[in-house]
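Colleague: I should like to learn how to read the features of a structural model. May we work through one together?

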Amino acid sequence: MQVRKDWPQAALPANPALGVMQKSKCSKCGAKAVIFRDYEGVALCRGHFLRSIEKRVKKVVRKHGMIEPGDRIGVALSGGKDSAVALHLMNMIVGNRPDVSIIAISINEGIRGSRDLALKKSVELCKKLDIEQHTFSYKEEFGKSLDEKVKEMGLGKDDVCGLCGVSRRWILNKKARELKVTKLCFGMNLDDEAESIMMNYVRGDIPRACRLGPVTKYSTKRKGGDMFIPRIKPLRWIPEKEVGLYARLAGLPFRPKECKYRGGLRVDVEKALLDLEKKHVGLMFTVVNTFDRMLPGIKKTLDSKETAIKKCKICGEPGSHEVCKACELWR
Ligand code: SF4
Ligand code: ZN
């Protein structure tokens with residue numbers, strides 16, 4: 001099998017001929033391997049695995065200019081593995097820089113059972129890393145918890161994430177601005193990003209697809225563009241299972257179980273992509289990298305048609321209509 005020096009640009013066929021021995025010992029030092037990376041053809045022990053993730057994330061942060069002097073980074077911390085790893089690594093990368101600060105922003109959606117423990121874990125992690133945490137809730141912002149809203153609207157499992165996602169983004173952007181955050185950092189991993197790309201593709205939602213990418217900025221030249229806080233995704237090239245393994249091996253507190261409402265198109269796309277990835281190693285990297293190559297061209301076409309960002313007449317937050325999506329759903 002071809003050994004990749006960097007993450008792959010194209011999917012590789014799975015190679016069953018690789019021996020078990022080769023997979024069970026670290027390709028770098030011969031110690032017991034904790035993972036075999038089929039897209040690179042290497043096995044890694046605990047130490048080499050942790051370092052390789054840290055190196056890759058540092059490289060991504062540098063390459064995409066995610067951090068600038070004077071930045072105040074707000075990490076969206078849910079208490080799950082992805083955001084725990086994002087916070088831990090950002091703290092490792094810029095924690096000692098006097099010109100950059102980090103805070104965590106957590107949202108209590110009001111989902112009984114599944115999110116309570118996640119929030120506890122997020123508090124534990126912030127204490128461990130000595131990071132200031134700010135928590136907001138749907139109940140305070142919209143008057144109801146997500147559980148209450150789901151009941152009131154009689155939503156089925158496939159419809160909840162849409163409502164929840166819009167609401168969380170609304171709170172995060174508003175609060176980040178109030179807290180003088182200059183960049184919002186998300187823990188989206190490679191699988192998440194590949195899923196989002198495919199979801200927008202099958203929905204035909206090109207404007208939304210344009211908001212994907214390692215760094216998302218609205219042009220401040222556009223009227224209202226400065227109302228949106230730029231977003232960064234340092235874990236965008238780390239496969240989900242490696243983020244989970246990193247969180248466990250690094251001893252980070254996180255809530256492993258998924259939210260009880262998780263459903264809808266994302267789950268179907270996730271399943272399809274995982275099936276394809278099993279047969280065509282590196283496919284998710286291909287989906288993301290190919291999209292990135294097309295993105296500048298798509299953006300150019302759209303930019304010429306884009307109108308000014310509107311201020312919602314109810315809440316004053318930015319959006320593309322007179323009334324923003326969050327107000328339409330909650331008010
Ligand atoms: Fe909200 Fe869906 Fe995430 Fe649950 S899985 S927290 S409902 S977006
Ligand atoms: Zn609004």
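Colleague: Which residues lie on the two sides of strand 3 (residues 42-45), and are they buried or exposed?

Modeller: Before answering, I should state that this is a predicted model, in which local features need pLDDT of at least 70 and side-chain atom pairs count only at pLDDT 80 or more, while totals for chains, interfaces and linings use all residues. Residues are numbered from 1 along each chain as its sequence is written, chains are lettered from A and ligands numbered from 1 in the order in which they are written, and side-chain values use heavy atoms, with hydrogens and water left out. Helices (H or I, at least four residues) and strands (E, at least two) are DSSP runs, numbered from the N terminus. Buried means under 20% relative accessible area, exposed over 50%, and partly exposed in between (1.4 Å probe, protein chains only). In strand 3, Val42 and Leu44 on one side and Ala43 and Cys45 on the other are all buried, and both faces are thus covered.

Colleague: In which sense does strand 2 (residues 33-37) pair with strand 3, and over how many bridges?

Modeller: Strands of a sheet pair through backbone hydrogen bonds, either parallel or antiparallel. Two strands are taken to pair if DSSP finds at least two bridges between them. Strand 2 and strand 3 are antiparallel, with 4 bridges, and Ile35 stands opposite Leu44. Their hairpin has 4 residues between the strands, and Gly41 there takes a positive phi near 70 degrees.

Colleague: What is the strand order of the open sheet of 6 strands?

Modeller: The order is 6-5-4-7-9-8, with mixed pairing. Strand 6 (132-137) and strand 8 (215-216) stand at the edges with a single partner strand each, so one side of each has no neighbour in the sheet. Within this sheet, strand 4 (residues 72-76) and strand 7 (residues 183-185) pair in the parallel sense over 3 bridges, with Ile73 opposite Lys183.

Colleague: At what angle do the axes of helix 2 (residues 46-63) and helix 3 (residues 81-94) cross?

Modeller: Axes are lines fitted to C-alpha atoms, for helices over the stretch in contact, and angles run from 0 to 180 degrees between N-to-C directions. Angles under 35 degrees count as roughly parallel, over 145 as roughly antiparallel, 65 to 115 as roughly perpendicular and the rest as oblique. These two axes come within 11 Å and cross at roughly 70 degrees, so helix 2 is roughly perpendicular to helix 3. Contact (heavy atoms within 4.5 Å) involves residues including Ile53 and Val57 of helix 2 and Leu89 and Ile93 of helix 3.

Colleague: How do helix 6 (residues 146-153) and helix 7 (residues 157-178) compare, and which residues meet?

Modeller: Their axes come within 11 Å and cross at roughly 130 degrees; the two helices are therefore oblique to each other. Leu146, Lys149 and Val150 in helix 6 meet Val160, Leu163 and Cys164 in helix 7. Helix 7 also lies across strand 4, strand 5, strand 6, strand 7 and strand 9 (231-232), running at about 145 degrees to strand 5.

Colleague: Where is Glu270 placed, and is Glu270 buried or exposed?

Modeller: Glu270 belongs to helix 11 (residues 265-279) and is buried, with a relative accessible area of 15%. Not counting residues up to four places away in sequence, Glu270 touches Glu195, Glu240 and Arg262. Arg231, in strand 9, counts as partly exposed at 21% relative accessibility.
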